[in-house]
Amino acid sequence: MDPTPGTPRWNLDRPFLTGRFHQEIKAPAQAGGSRLFSMESFSRGSDNVIGSYPVSVQELLVIDDLLSALVGIEGRYISIKRVRGKAGHVIFHIDPSMDLALQELTERIFPLCQNYVLINHFVESKSHFRSGLVNHAFAAALRALLLDYQAMVAQLEHQFLLGRLSVQGLWFFCQPMMGSLHALSIVVEKASSNNFSGATTLNLLQSQAKAMAGDNAVRSLLEKMTQRASSAYLAILERWVYEGVIDDPYGEFFIAENKSLQKESLTQDYDTKYWVQRYSLKDGIPSFLVSVAGIILTTGKYLNVMRECGHNVQVPLSENSKLTSIESNHHYLECIKSAYDFASGELLNLIKHKYDLIGKLRSMKRYFLLDQGDYLVHFMDISRDELAKRPEEISVEKLQSLLDLALRSTAAASDPCHEELTCCVERVSLLKRLSTLKDLDSTEPSEGNRPADSDPQSELLSITGLETFCLSYKVQWPLSLIIPRKALTKYQLIFRLLFHCKHVNRQLCMAWQVHQGFRAINILGTAILRSSILCRSMIKFVNSLLHYLTFEVLEPNWHLMHDRLQTVKSVDEVIQFHDFFLQKCLKECLLLLPQVFKKIEKLKSVCLQYAASIQLLVPSMYMPEVASTNDGAGSFGLGRSKPWRSKNKNQQLKLAAENTIICDSIMKFEKEFNDELQSLVPILSSSSQAEPYLTHLAQCILGLGSEQ
């Protein structure tokens, strides 16, 4: 339903109040009631045709009719015909019996009369509420011009009454108005036929003024009309860039507000478009504002953010900063730029100082990117039993209490932001989670070439909390603009990779501790020696991977972002640099390279299987006493082995050398690990040409740099 008020009924019932004489007129009441006649069938013509009078009398009669026609009123010998289907368009006709010379002069004045009627109709129709503020202002400017025009007609009538006016003189005095009303009639005809409003009306006026560059008087008039019509638009613009308020009752402004988007969606919805779509540009931007439309949009957005923070701020105003007109010196552009600089600086200072943006980002680096991992070591120790369960069996509340205990018991307790940290447990593996995020610019192959994924049911049975554990962080407004749900998800993806690498490293270290129980005896020629060498190779691989992720990727990129944030000029730059940092980290951490990442995951899986087998098989084969007394060694291998107390060591070593079960198992793991590692070589070599950072990974893991 149209919310704008309607035109009063009396304005339609009494057309004489609005000047619509040429459209309809009421005839005297007759028997049976009054009747409404249209001008197509009504004429006040006299019984005598004008040609029956002498030429001098004809001239006086036609001047009298012309003075009426100039203001849209029929005369005795000049009639008005309305053009069907075109509102405001009329045609003037003269008695054909008139002297031909007088007819020629009279018909030259008819275009001026028709333009007046058309412009007057535009003024009346566009003064309605629904036409918008720009059309209201334009109609008001036209009304003022028509008042001057009517004053000219009144002066001509006075001269006529004094006997000083001829048709030729009337034509001469009308010349100054002919060009002006003709140019304006072109504008109002286009505006009416296309139902222009707001910016489209302003653009039409400006384009018409440029087209009339050869006629200085008409161009100046159109520029003045543009100034008058733009005053209402500039008032809307002024409130937006100085207060962040859209005061646009008729939807003319080029910035749209989507009130359905709330700032809470930034922390809840991964695909939220709050910052982009809460306020956005519409079609129909005034041509004089096209170059600064983005700045205008951003200025109001910044002011809105501060207002929603409870930080009421208004751009300081002075008489010189009022947006009252679009002068040729472009002063209004300087005012807009000054408002942008003020709003940008205020919001940036608010976020960086009051809300401690750098401190929050540093805190997230500490926890998600394992900048200080002492809390994580303690947490993994006290939560190992809970994390060993399947995801649906894990108590998130228990994990949260253990995480709080780990935070309070380590150096993280000094961080004022540690209370914002929470934990969660995902339901799918990291690889599966990456495949569900379609907007990370991944180099994932197309559906037809994508390798078949493992069975979802078997994956659910095999994964534990160690593969699905994740941290979360409570981000408050307005920092949620910089760290929305999408950015937090990217932090979580990186954390899950680092956390799982740490877990694999711990498992291999526990397997290594199992081997240390055999240092007192000679293990040459036994499977233990071979296992020990394989374990060292796996530990080297995982440590090299962690070194690459932390020191080759995360640290350099973090410092680059940190340095850039010291010199930013706006919040949009902060968002841009932070998003670039996360995207670059995801890519260089291999999370956006599925082919390489799947190989890394496979290698980690082999390492975990090997570590679990060593912690189960070796104590049971070689250290039965330890295996029976050291409960839990099979799962985490704590390395608290008692000295081997076998009475016949030579006999035990001989049995160990001949034990085919553990020997075959170790050879199987060794072959699988080496094959997977070697298969990674050509992938990294071919990909490093397009992605140079993979050269560092190859050097860290495979030592390709020295070989090449």
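Me: Where in helix α7 is the kink centred, and how is the bend defined?

Reply: The kink in α7 is centred on Ser231 and comes to about 40°. The bend at a residue is the angle between axes fitted to the seven residues ending there and the seven starting there. The model is predicted, so local features need pLDDT of at least 70 and side-chain atom pairs pLDDT 80 or more, while totals for chains, interfaces and linings use all residues. Residues are numbered from 1 along each chain as its sequence is written, and side-chain values use heavy atoms, without hydrogens and water.

Me: How do you know that the length of α7 agrees with its expected span?

Reply: The expected span is 1.5 Å times one less than the number of residues. For the 28 residues of α7 (residues 216-243) this gives 40 Å, and the end C-alpha atoms are 39 Å apart, which agrees. Helices here are DSSP runs of H or I with at least four residues, and strands are runs of E with at least two, numbered from the N terminus. Just after α7, Gly244 has a positive phi of about 75°.

Me: Why is the pair of Phe368 and Phe495 called edge-to-face?

Reply: Rings of Phe, Tyr and Trp (its six-membered ring) pair if their centres lie within 6.5 Å; planes under 30 degrees apart are stacked, over 60 edge-to-face, and the rest tilted. The centres of Phe368 and Phe495 are 6.2 Å apart and their planes meet at 75°, so the pair is edge-to-face. Phe368 lies in α11 (residues 357-368) and Phe495 in α18 (residues 485-516), so the pair ties together parts 127 residues apart in sequence.

Me: What makes Leu590 buried or exposed, and how does Asp356 count?

Reply: Buried means under 20% relative accessible area, exposed over 50%, and partly exposed in between (1.4 Å probe, protein chains only). Leu590, at 1%, is therefore buried, and Asp356, at 38%, is partly exposed. Leu590 lies in the loop between α20 (571-588) and α21 (594-622), and Asp356 in the loop between α10 (331-354) and α11.

Me: Why is Lys301 said to sit over the ring of Trp275?

Reply: A charge sits over a ring if NZ of Lys or CZ of Arg is within 6 Å of the ring centre and within 35 degrees of the ring normal. The charged end of Lys301 is 4.3 Å from the centre of the Trp275 ring, so the distance condition is satisfied. Lys263 lies over the face of Trp477, at 5.9 Å from the ring centre.
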